[in-house]
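The following exercises are to be worked with the sequence and the model at hand. Each task is followed by a solution in steps.

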Amino acid sequence: MTSYMLGLDIGTTSTKAVLFSEKGDVIQQENIGYPLYTPDISTAEQDPEEIFMAVVQAISRIMKQHPQKEISFISFSSAMHSLIAMDENDQPLTPCITWADNRSEAWAHKIKNELNGHEVYRRTGTPIHPMSPLSKITWIVNERPEIAEKAKKYIGIKEYIFKKFFDQYVVDYSLASAMCMMNLKELDWDKEAIEIAGISREQLSKLVSTTEIFTNCNPALAKQMGIDPLTPFVIGASDGVLSNLGVNAIRKGEIAVTIGTSGAIRTIIDQPQTDEKGRIFCYALTEKHWVIGGPVNNGGMVFRWIKDEFAASEVETAKRLGIDPYEVLTKIAEGVKPGSDGLLFHPYLAGERAPLWNPDVRGSFFGLTMAHKKEHMIRSALEGVIYNLYTVFLALVECMEGPVTRIQATGGFARSEVWRQMMSDIFDLDVVVPESYESSCLGACILGLYATGKIESFEVVSEMIGSTYKHTPKEEAAREYRQLLPIFINLSRVLEEDYTRIANYQRSIIRKT
């Protein structure tokens with residue numbers, strides 16, 4: 001009898017469930033969205049119960065349409081860095097505080113500068129930043145004592161869901177390695193991190209391997225979802241590391257680049273490794289597979305800003321003609337030579353994570369002359385996003401043991417030919433776009449096949465994933481970019497103090513209004 005596998009990805013904006021055949025063909029997918037509550041500039045929260053209901057609903061919708069299909073396992077991917085404080089009756093004391101929440105910013109600075117933060121990063125693999133649960137817990141313990149006094153556990157969203165299904169508090173090594181609280185070499189909670197947070201080990205979940213299997217799902221929930229309570233649930237890993245699996249960037253030297261609203265660049269290595277300069281993360285996939293890389297804040301959102309602020313009339317025309325407005329933008333950009341005649345754009349419209357890890361950095365055009373037109377500005381903005389990713393790539397290369405062989409590119413930007421070619425030219429490498437779009441769900445299922453002993457290694461991925469496009473670098477373009485990249489990189493270093501001064505000025509204006 002044919003068996004099927006179900007991959008779930010618990011994301012920031014929605015939960016996706018994809019039913020695959022064991023060969024990796026998509027049979028059906030469901031996507032259930034939920035709101036992100038942002039009452040002010042620093043807060044970004046969700047209702048954990050809404051997310052849990054979305055998971056139950058996504059599974060039950062798929063099972064309703066395929067009641068006869070034998071599900072060999074359900075495997076999970078989840079967004080990183082979320083935090084929920086739970087009371088002694090296992091009820092949430094806080095909403096789900098997401099990676100995008102910045103309220104612990106002052107504590108992140110304090111940990112980094114006064115509390116031995118760099119050493120904590122070296123052992124735990126998560127850069128010190130407001131996104132990390134370490135910063136968030138420290139903030140709650142110190143500034144929200146009314147919550148901290150009642151908190152029995154501090155958990156993430158996947159732990160919340162597994163508690164409902166199996167009545168246990170468990171966290172996989174992958175999500176734990178994104179908390180800035182797990183010692184990567186010992187695969188155990190880091191003593192110093194726990195002390196900084198001001199909590200005890202007992203307030204954190206039990207650590208388990210990403211291949212750990214759970215059965216005996218809560219019978220009432222199993223019934224509601226239409227599954228057998230004995231169906232194996234593979235705890236799985238984080239969305240970031242699983243998307244490397246799902247796009248077939250698993251061998252030495254293969255790098256995955258994703259650009260959605262934000263972006264990330266990652267590669268798999270076989271031992272945990274952190275960076276002397278603190279630019280990259282290191283997260284677990286399994287005990288033998290580790291993913292190093294860096295997330296960037298400024299991806300597709302820069303493109304959207306350019307569209308809204310620079311090309312309103314062109315976009316209006318495009319709409320009337322029924323053309324995708326982004327296509328119009330890339331057409332305009334295509335009319336300008338690589339390097340935008342010496343115009344550089346720093347895409348830091350939303351502060352930046354890797355490689356600068358500085359919420360105060362700001363965007364800028366550099367090199368403007370009378371000869372530059374609007375189309376130069378549009379092209380240089382697209383180039384700026386890729387230049388910035390390239391700087392993260394340089395940090396990765398320093399931590400890798402061999403040469404980079406190719407880039408697997410995914411995310412919304414991969415639909416634009418101009419942007420794909422630009423990436424190939426700036427990185428001076430082949431860029432391949434894999435077929436799979438639901439890479440985290442597929443990655444979760446491949447990890448599930450490995451966990452259930454159906455495959456011996458991850459190599460099977462290459463049979464499941466074809467490639468849609470391939471780009472090779474064009475020598476003249478690559479030559480221009482080689483001259484401009486050092487200027488781009490140096491500028492962001494030189495401007496460090498001025499970024500803080502302008503950010504403080506901007507904050508003071510907001511306070512006055």
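**Exercise 1. Contacts and overall form**

Task: Determine what share of the contacts in the chain with a separation of 6 or more joins residues 24 or more positions apart, and establish whether the radius of gyration agrees or disagrees with that of a compact globule.

Solution:
- In this predicted model, 72% of the contacts with a separation of 6 or more are made by residues 24 or more positions apart.
- For 513 residues, a compact globule would have a radius of gyration near 24 Å; the value for the chain is 23 Å, and therefore the two agree.
- Along the principal axes, the C-alpha atoms fill a box of roughly 70 × 55 × 50 Å.
- The secondary structure comprises 19 helices and 23 strands.

**Exercise 2. Surface and charge**

Task: State what percentage of the residues of the chain is buried, and how far apart the mean positions of the positive and negative charges are.

Solution:
- Of the 513 residues, 58% count as buried.
- The chain exposes about 21300 Å², of which carbon and sulfur atoms supply 50%.
- There are 53 positive and 66 negative charges, and their mean positions lie 2 Å apart.

**Exercise 3. The six-stranded sheet**

Task: Give the strand order of the open sheet of six strands and identify its edge strands.

Solution:
- The order is β3-β2-β1-β5-β14-β13, and the pairing is mixed.
- The edge strands are β3 (26-33) and β13, each of which pairs on one side only.
- Strands β1 (residues 3-10) and β2 (residues 14-21) run antiparallel and are joined by seven bridges. Within this pair, Leu8 has Ala17 of β2 as its bridge partner.
- As a general point, strands of a sheet pair through backbone hydrogen bonds, in either the parallel or the antiparallel sense.

**Exercise 4. Strand β14 and its partners**

Task: For strand β14, find in which sense, parallel or antiparallel, β5 pairs with it and in which sense β13 does; then explain why β14 is described as largely enclosed.

Solution:
- Strand β5 (residues 70-78) pairs with β14 in the parallel sense over four bridges. Here Ser78 stands opposite Ser238.
- Strand β13 (residues 213-214) and β14 run antiparallel, with two bridges between them. Phe214 stands opposite Phe233 of β14.
- Six of the six residues of β14 (residues 233-238) are buried, so the strand is largely enclosed by the rest of the structure.

**Exercise 5. Three residues compared by exposure**

Task: Classify Lys163, Ala100 and Lys277 as buried, partly exposed or exposed, and list their contacts beyond four places in sequence.

Solution:
- Lys163 belongs to helix α6 (residues 157-166). Its relative accessibility is 15%, and because buried means under 20%, Lys163 is buried. Lys163 contacts Asp90, Gln168 and Tyr169, leaving aside neighbours within four places in sequence.
- Ala100 is located in the loop between β7 (96-97) and α2 (105-114). At 29% relative accessibility, Ala100 counts as partly exposed. Residues up to four places away not being counted, Ala100 touches Ser42 and Ala44. The C-alpha atoms of Ala100 and Gly293 are separated by 18 Å, with their positions 193 residues apart along the chain.
- Lys277 lies in the loop between β16 (263-269) and β17 (281-286). Its relative accessibility is 56%, and because exposed means over 50%, Lys277 is exposed. Apart from neighbours within four places in sequence, Lys277 is in contact with His118 and Glu398. Lys277 and His118 are 159 residues apart in sequence, yet their C-alpha atoms are 9.0 Å apart.

Notes:
Residues numbered from 1 in each chain as written. Predicted model: local features only at pLDDT ≥ 70, side-chain atom pairs only at ≥ 80, totals over all residues. Heavy atoms only, no water. Rg over C-alpha atoms; globule rule 2.2 N^0.38 Å. Buried < 20%, exposed > 50% of the residue type's maximum accessible area, 1.4 Å probe, protein only. Contact = heavy atoms within 4.5 Å. Areas by Shrake-Rupley, 256 points an atom, 1.4 Å probe, with all protein chains shown as cover. Lys, Arg positive; Asp, Glu negative; His and termini not counted. Charge placed at Lys NZ, Arg CZ, Asp CG, Glu CD. Pairing = 2+ DSSP bridges.
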